[in-house]
Every structure is written in C-alpha cells, then in structure tokens.
Amino acid sequence: MKALFGYASLCIEEAGRGIWFHRRVVAPALIVMMASLVVLGAFMLASDNLNAVLSGWRERGQLQVFLVPEVTPAQQAAIDSAIGGHSAVEEYRFIDPEEAAALFRSDFSELGDVLALLEENPLPGSYAVTIAAPMRSERVLQQLTDDLAALPGVEGAQYDLEIIGRLELGVRALRLVGVLLGGTVLLAAMITTANVIRVMVFARRREIETMRLVGASEAVVVGRFLVEGGLQGLLAGLLALAVLLTAYSFGLAYLDPDSLGFLSILPLRFLSPLMIGGLLAGGTITGLLGSWFAFGPGGVRFD
Amino acid sequence: MIRAFHVTKRYGSITALRDVNVQIRPGEFVFLTGASGAGKTTFLRMLYRAELPTSGQLIVDGRNIASLRSREVPGFRRRIGLVFQDARLIDDRSSLENIAFVGRVLGLARGESRRRGMELLKLTGMDHRAELFPAQLSAGEKQRVGLARALMSAPVLLLADEPTGNLDPDTAIEMLRIFRAINRRGTTVVLATHDPDMIAALGRRTLVIEGGRLRSLERTVESEPA
C-alpha cells in the first residue's frame, strides 16, 4: 500500500511538473478539451432544465376540456357531472370565457389587449381538471380525454402528457445533438491530447531515456504521462465548469425573465452534483485516453 | 564485479568490440581508454545494459546481461551509478530535484530523497548550488551534480563515460579526487577517458581498447591527487 501511494504521488508530482513547465505546449490541448466540455455541459444544462419542467408538468396531471360556444345548460350540467363523478378526477374547475380572457391577458401581456380588437371574446368556456396522483398514467388520461371529448357540447379535450410527449421528443433530440456534437468535439480533444503528449514525449525523449538510465521503471515513465493526460482533462473540466457557471450566473443576473418568452417558465438551476462529477470524469477520461493513445499501438517508441 | 568472456559486439558489418575478455574485481578502480570511436562507450553501454553483446557472455554484479529481462533492467540499473560526459541532467528541475528524483524512483519519500540529495551535493561540493537549474550551472558543476545523482542509489558499481572531457584541468583533477574518494568507500569504479594525464595522475589498472580489442595494462600508483 505504501509503495502504491509512493508510486501514485511520484506520478502526480511528475505530471504536475510536466504540465507547469510545458504549459505553452499543453495550453492548446487544454483549450480544445475545455471547449468540448463547455459544449457538452451546455447541452446537459439545457436538457436538465427542460427535464425539470417536464417532470413538473407530469406531476401536475392536468387536463383541459373545451366547450363549444353554443353549449346548452343541460349539456354543461351533464359534462360537469361526468367530470365530477369520474374516479380518477381529484378536482376540477370551470373557467368561463371572461376568466379565460383575463388569464390570457395576464399570461401574454406583451401581446397587448388584442382581445379588445375583436368584436366578441373568441375564447371558449373550459374545465381545468386535475387527475388524482395515483391515476396519472398515460392510459387513464387518454381514456378520460376520449370519454370527455365524446360528450355533447365538448369541442375537444387535451391533457398535458400530449404536450409533454412532444417536448420530451424535443429534449431527446436536444440530448442526442448534445451527445453527438459534444462527443465529436471530445474525440477531437482526445486526438489533440494524444498528439500533444506525443510531441511532449518526443521532445523529452532524452529526459525519458535519462530517467530509464537512473533506474526509473516503465510504470513510472509511462504512468506519469498517463497521469499528465488525466490531469489535463481534469483541469479542462474545472475550467469548463467555471465558464458554464459564469455564463449561467451572467444569464440569471442580466436577462429579463419577461424577455425569455417560453423560457421564462423554466425553474432555472445549474448542473446537479452528479452531472458536475460526470463532466469532470469525462474530461479526465478523455485526457487519460489521449495519453494512452500516445503510448499505445502506433504510439511513441524511441528505444 | 565484471566478467566478460569472448564478448563481441557488431553493428551490421561493423565490429565495434571483438572477443573481449576481462575481469574487474569488486572495489577496483579501472580506467578504460582508447582513441575516439575505439569502442569505450559501446563497452560501457553494454555494462549498464543499454546494448547487448552480439556474442559471448557479460556478467555484471552477478547478472548475465544477455539474459536480463526487460522488467529486471530498472532494478539492475539502480545498483549502478552512471556519469555521462554531458551530465544528462533533466532541464526542468533544480540540481537537488535531479538527484532527489532518483530517490523517489528508489521508493524514498520526498523529504528523505531531498535530505539524502543534499548530503550528496555536499560530498561533491555542490550544496550551494542545490536550487539552481542545469542552465545556470557551469560544465564542471553539472558534472558534479551528475556524479551526486549517480551516488544516490549507493551503487556497487560506478560507470563514468568521459566525465572530465568538457572540464578544465583543475576541475578535472577535482572530479578525479571525488571519484577516488568514492572508490575508497568500496564502490567499484570504471572511468572511461582518453586523457593520458589523468591516467598517469592516478596510476591505476587501465583497459585499453584498440581496433575493437581490449587489453589490460597493470599500473602502480605514481602519484595521487591530494
């Protein structure tokens, strides 16, 4: 254990020295790796926040039933009774056309009072229905929506899951783009790291040969370069986090929530500790692999 | 300490060493001499297993060079101290750190490596230059640091390839005095040089390489540096 600790501390010491003394050579690899991690982190941040919105909506389990303008009191009473009598419904509320117009004005204040330009209020009366938590499955919601939509006097019914489904598709696409783009840039970063390590190894071949001559084992010679790559990746990850956090804080401090439109409903939050760990681990692994490629098959040989 | 039986080294059609037979006893101080390109460096490189004999057997510190496995080489080299003509110090670290690195390779803790490194710098008269980098040292100072580094592993055998080749006569004599002191402590020393004055100054057994062949000249002590 003591020997392992000694070996690890020697490799870390040597790697740190290598990065510091050859910082001008290391800097390009560090910047490329950092940029790729910023791209990846930005996509993670966006998809994480959208996921939070989706999960909030999913937990709400709400359904809207829109009535035709010419609905009769008898039809509305039947609709009211059908909704209120359903076992899956936790609570429901009727929103008359005037209240709907007031809600529209408050939610979309930037549109001005466009409703005032119209001869009559085009918004229909509707029911906002909340489904009981244990019943919030797609199957139950779909069934209830179909049942209510078929009632006389109902224009249509829709539930949040439809929107959630569409948004989930969007989030998945965003994540895929993030993984593809981030992955591609990370691969480029890995190749850059491998090349930088190769150049460093080649430039320091005399130093490495001297190390071998004074009795340094291959584990020390190769290990310090592997650690050097890993440390470069970790450093790039920390820098990427600093860039993301700065951009995030700047965004929160200077952006007007009203100007964000749809985004204003996001309960914005920074990356979770797990994601931060993932980003740092990603950087470290990229650097390690880059180093390994520099020494692996086709890598530097000068014995 | 060293035994060579019919050792030959060829590089393609060129024969660098031919049928070398020699024995160097533990604690002995031996000069290795010959004209430039005679094969001194090749012979030394074989002794620390940077080269392998083409034929014959070479035994160093009880180990057959040819049958040493790659993973055994670092351990083997830790028992041998090497001093080079150009010192071969690592540029990105101070004199003390160059020496302490060997201690770290040997498994010593950082503090212990530095402590022993300072002792060796004192021994070679370089303790006042401990924190200077190789670029800040003169050729003679680099050689003394290189010698201190070679001693870090308390080697049983010290191999020096033209260690005074780039030094002025006074510094060369000073270096020779240090080598002699190390030898008195029991370390076997093989010192390659083509400087006849140095050989004459110490008057030890001399191995001469001429045309790839090695012959041994016995000498008595004529005068020793004080």
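Helices and strands here are DSSP runs, counted from the N terminus, with at least four residues for a helix (H or I) and at least two for a strand (E). Keep in mind that this is a predicted model.

**Exercise 1. Place B:Ser94 and work out what surrounds it.**

Step 1: find the segment. B:Ser94 sits in the loop of chain B that links β6 (80-83) to α3 (95-105).

Step 2: check the cover. Buried means under 20% relative accessible area. B:Ser94 has a relative accessibility of 1%, so it counts as buried.

Step 3: list the neighbours. Leaving out residues up to four places away in sequence, B:Ser94 touches B:Ala130, B:Glu131, B:Leu132 and B:Phe133.

Step 4: look for a polar partner. The B:Ser94 side chain gets to the backbone oxygen of B:Ala130 at 3.5 Å.

**Exercise 2. Trace the pairing around strand β7 of chain B, then say how well β7(B) is covered.**

Step 1: take one partner. β7(B) pairs with β6(B) in the parallel sense, over four bridges. In this pairing, B:Leu82 is opposite B:Leu159 of β7(B).

Step 2: take another partner. β7(B) also runs parallel to strand β8 (residues 188-192) of chain B, and five bridges join them. Here B:Ala160 is opposite B:Leu191 of β8(B).

Step 3: follow the connection. Together with helix α6 (residues 169-184) of chain B, β7(B) and β8(B) make a β-α-β unit, and the unit is right-handed.

Step 4: count the buried residues. β7(B) spans residues 157-161, and five of its five residues are buried.

Step 5: split them by face. B:Leu157, B:Leu159 and B:Asp161 lie on one side, while B:Leu158 and B:Ala160 lie on the other; both faces of β7(B) are covered.

**Exercise 3. Go through the backbone for positive phi values in chain B and put each one in context.**

Step 1: recall the background. Most residues other than glycine have a negative phi.

Step 2: start with B:Ala87. This residue is not a glycine, yet its phi is positive, about 65°. B:Ala87 belongs to the loop between β6 and α3 of chain B. Its relative accessible area is 3%, so B:Ala87 is buried.

Step 3: move to B:Glu162. Again the residue is not a glycine, and phi is positive at about 50°. You'll find B:Glu162 in the loop between β7 and α6 of chain B. With 8% relative accessibility, B:Glu162 counts as buried.

Step 4: finish with B:Arg49. Its phi is positive too, about 60°, and B:Arg49 comes just after α1(B).

**Exercise 4. Decide whether helix α1 of chain B is enclosed or open, and check a residue of α7(B) as well.**

Step 1: count for α1(B). Helix α1 (residues 40-47) of chain B has eight residues and six of them are buried, so the helix is largely enclosed by the rest of the structure.

Step 2: name them. The buried set of α1(B) is B:Lys40, B:Thr42, B:Phe43, B:Leu44, B:Met46 and B:Leu47.

Step 3: turn to B:Leu202. This residue is part of helix α7 (residues 196-202) of chain B. B:Leu202 has a relative accessible area of 0% and is buried.

Step 4: add a distance. B:Leu202 and B:Arg180 are 22 residues apart along the chain, and their C-alpha atoms are separated by 8.7 Å.

**Exercise 5. Sum up chain B with a few whole-chain numbers.**

Step 1: elements. Chain B has seven helices and ten strands.

Step 2: burial. Of its 226 residues, 54% are buried.

Step 3: contact range. Take the contacts in chain B between residues at least 6 apart in sequence: 67% of them join residues at least 24 apart.

Step 4: surface. Chain B exposes about 9700 Å², with carbon and sulfur atoms supplying 47% of that.

**Exercise 6. Describe the four-stranded sheet of chain A and the helix on it.**

Step 1: get the order. The sheet is open, its strands are ordered β2-β3-β1-β4, and the pairing is antiparallel.

Step 2: find the edges. β2 (89-95) and β4 (154-159) of chain A each pair on one side only, which makes them the edge strands. From one strand to the next, the twist averages 15°.

Step 3: zoom in on a pair. β1 (residues 62-67) and β3 (residues 126-131) of chain A are antiparallel partners over five bridges. A:Leu63 is opposite A:Val129 in β3(A).

Step 4: add the helix. Helix α5 (residues 138-149) of chain A packs on the sheet and touches β1, β2, β3 and β4 of chain A; its direction is at about 170° to that of β4(A).

Conventions:
Residues numbered from 1 in each chain as written. Chains lettered and ligands numbered in written order. Predicted model: local features only at pLDDT ≥ 70, side-chain atom pairs only at ≥ 80, totals over all residues. Heavy atoms only, no water. Pairing = 2+ DSSP bridges. Axes fitted to C-alpha atoms, helices over the stretch in contact; angles between N-to-C directions. Contact = heavy atoms within 4.5 Å. Buried < 20%, exposed > 50% of the residue type's maximum accessible area, 1.4 Å probe, protein only. Polar contact = N/O pair within 3.5 Å; in protein donor to acceptor, adjacent residues only side chain to side chain. Areas by Shrake-Rupley, 256 points an atom, 1.4 Å probe, with all protein chains shown as cover. Right-handed = clockwise from strand over helix to strand, strands pointing away.
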